[in-house]
Amino acid sequence: MECTLDLGYTVEKCQEGLYFWEKVPGMPMCKSIIVTGLKTGVKFKFRVMAENIYGIGEPLGDRFPSVSQESIW
């Protein structure tokens, strides 16, 4: 995992068909995250915003929904 010390990320999720974006708990410092607590088989869109000392950037990545799956561990 590639990490950075001076930049974090805000991740938000939105259930497909709804228009309410909800912040995923925590602030990842790496470029990957495992989101827990999702309903299995439900489609969600996710978007990510970079955050640094100047503020929060524009959201990226909300075009294609992902289907939540049961954890394999």
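**Notebook: strand pairing and Ile33**

I began with the pairing of S1 and S3: the two strands run antiparallel over eight bridges. Within that pair, I found Cys14 opposite Lys45 in S3. I note that this is a predicted model.

Next I looked up the other partner of interest. S1 also pairs with S2 in the antiparallel sense, over two bridges. Here Glu12 stands opposite Lys23 of S2. I then checked the S1–S2 hairpin, which leaves six residues between its strands. Gly17 in this hairpin has a positive phi near 95 degrees.

Is strand S1 largely enclosed or open? I counted seven buried residues out of the eight in S1 (residues 8-15), so the strand is largely enclosed by the rest of the structure. For the protein, 21% of the 73 residues count as buried.

I turned to Ile33. It lies in the loop between strand S2 (22-23) and strand S3 (43-52). I read its relative accessibility as 39%. Partly exposed covers the range between 20% and 50%, so Ile33 falls in that class. Which residues does Ile33 touch, leaving aside neighbours within four places in sequence? I listed Val11, Val24 and Pro28. Val11 is 22 residues from Ile33 in sequence, with 8.8 Å between their C-alpha atoms.

Last, I took the overall tallies. I logged five strands and zero helices, in the order β-β-β-β-β from the N terminus. Of contacts between residues at least 6 apart in sequence, 53% join residues at least 24 apart. The exposed area is about 5900 Å², with 57% supplied by carbon and sulfur atoms.

Notes: Residues are numbered from 1 along each chain as its sequence is written. This is a predicted model: local features need pLDDT of at least 70, side-chain atom pairs count only at pLDDT 80 or more; totals for chains, interfaces and linings use all residues. Side-chain values use heavy atoms; hydrogens and water are left out. Helices (H or I, at least four residues) and strands (E, at least two) are DSSP runs, numbered from the N terminus. Buried means under 20% relative accessible area, exposed over 50%, partly exposed in between (1.4 Å probe, protein chains only). Contact means heavy atoms within 4.5 Å. Accessible areas come from the Shrake-Rupley method with a 1.4 Å probe; for residues, only the protein chains shown count as cover. Two strands pair if DSSP finds at least two bridges between them.
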